[in-house]
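Reader: I would be grateful for a close look at a single part of this model, with an account of how that part is set into the whole. A formal, connected answer would suit me best.

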Amino acid sequence: MRSVTYSMGVSLDGYIVGPDGDFGWTEPGDDVFRFWIEEIRQVDVHLLGRRLYETMLYWETVDDQDPSLDEATLEWAGLWNPLPKVVFSTTLSSVQGHARLASGSVAEEIERLRAEPGEGEIAIGGATLAAEAAAAGLIDEYRAMVYPVLVGGGIPFFPRDERRVDLELVETRTYNSRVVYLRHRVQRQ
């Protein structure tokens with residue numbers, strides 16, 4: 001069965017954006033950007049909430065002929081653009097690129113995607129969407145790219161639903177940019 005992964009940058013105090021909506025502190029150094037490139041290679045489909053979808057629209061417009069863009073940027077865009085995406089939104093009426101609006105709940109979409117053939121991951125982006133999937137017990141791995149900053153509030157990486165989830169640490173990495181990657185697998189009973 002295809003794994004469902006939730007992976008995002010997070011502050012040391014547990015937020016994906018600060019109380020003012022800023023997430024500029026998550027801009028990746030070269031080493032972290034290389035990690036994201038390698039991670040996206042493992043993904044078959046990406047589920048996004050509206051805010052993350054709108055943030056990521058930049059990549060749909062990257063001009064691969066722009067001489068100011070470096071090789072890594074072009075490589076990321078080349079992987080991201082053709083990747084199928086499912087956008088969850090109650091306010092959007094259309095989406096661009098290789099995206100479609102979700103027709104069902106997060107649980108229904110994941111169930112449908114897991115039933116399709118494929119070996120790559122089903123990635124979730126966005127804390128609100130991930131919280132819905134977590135509440136339904138559908139996340140298999142949490143992958144946090146922890147930045148050395150305290151933002152004091154904002155949108156939390158982990159859902160605040162007061163339920164216990166036992167995790168197994170399966171990988172850690174420390175990057176030159178002082179960022180620490182933590183990969184945890186959900187332990188199922």
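Which residue in S10 stands opposite Glu141?

Author: Opposite Glu141 stands Arg185 in S10. The model is a predicted one, in which local features need pLDDT of at least 70 and side-chain atom pairs count only at pLDDT 80 or more, while totals for chains, interfaces and linings use all residues. Residues are numbered from 1 along each chain as its sequence is written, and side-chain values use heavy atoms, with hydrogens and water left out.

Glu141 and Arg185 belong to a ladder of six bridges that joins strand S7 (residues 141–147) to strand S10 (residues 180–186) in the antiparallel sense. Helices (H or I, at least four residues) and strands (E, at least two) are DSSP runs numbered from the N terminus, and two strands pair if DSSP finds at least two bridges between them. Further along this ladder, Met145 stands opposite Tyr181 in S10. S10 is also joined to S9, by seven bridges and again with the strands antiparallel; there, Leu167 faces Val186 of S10.

The hairpin of S9 and S10 has five residues between its strands. Arg178 lies in this loop, and its phi is near 70°, a positive value in a residue other than glycine. Most residues other than glycine have a negative phi. Arg178 is exposed, with a relative accessible area of 61%; exposed means over 50%, buried under 20%, and partly exposed in between, for a 1.4 Å probe and protein chains only.

The wider setting is an open sheet of eight strands with mixed pairing, in the order S5-S4-S3-S6-S1-S7-S10-S9. Strand S5 (99–101) and strand S9 (167–174) are at the edges and have a single partner strand each, so one side of each lacks a neighbour in the sheet. From one strand to the next, the twist averages 20°. Helix H4 (residues 106–115) packs on this sheet, where it touches strand S1 (4–11), strand S3 (43–49), strand S4 (85–88), S5 and strand S6 (121–125). The direction of H4 makes about 160° with that of S6; axes are lines fitted to C-alpha atoms, for helices over the stretch in contact, and angles run from 0 to 180 degrees between N-to-C directions.

Elsewhere in the sheet, the pairing of S3 is parallel with S6, over five bridges, and also parallel with S4, over four. His46 stands opposite Ala123 in S6, and Gly49 stands opposite Phe88 in S4. Six of the seven residues of S3 are buried, so the strand is largely enclosed by the rest of the structure.

S7 also leads into the interior. The largest nonpolar core has 30 residues, and those with the most contacts inside it are Val32, Trp36, Trp59, Trp76, Trp80, Met145 and Tyr147. Such a core is a set of buried Ala, Val, Leu, Ile, Met, Phe, Trp, Tyr and Cys residues joined through side-chain atoms within 4.5 Å. Helix H1 (30–40), S3, helix H2 (50–60), helix H3 (71–80) and S7 each supply at least two of its residues, and H1 gives the most, with six. Leaving aside residues up to four places away in sequence, Val32 touches Met145, Tyr147, Tyr175, Ser177 and Val179, where contact means heavy atoms within 4.5 Å. A second, separate core of 27 residues includes Val86, Ala134, Leu138 and Ile139.

The loop between H4 and S6 contains Gly118, which counts as partly exposed at 40% relative accessibility. Gly118 touches Arg2 and Asp44, residues up to four places away in sequence not being counted. Although 117 residues separate Gly118 from Met1 in sequence, the two are 8.7 Å apart in space, C-alpha to C-alpha.

As for the whole, the chain has five helices and 10 strands. Its radius of gyration is 16 Å, close to the 16 Å that the globule rule gives for 189 residues, so the chain is as compact as a globular protein of that length; the radius is taken over C-alpha atoms, and the rule is 2.2 Å times the number of residues to the power 0.38. Of the 189 residues, 44% count as buried. Among contacts in the chain with a separation of 6 or more, 70% come from residues 24 or more positions apart.
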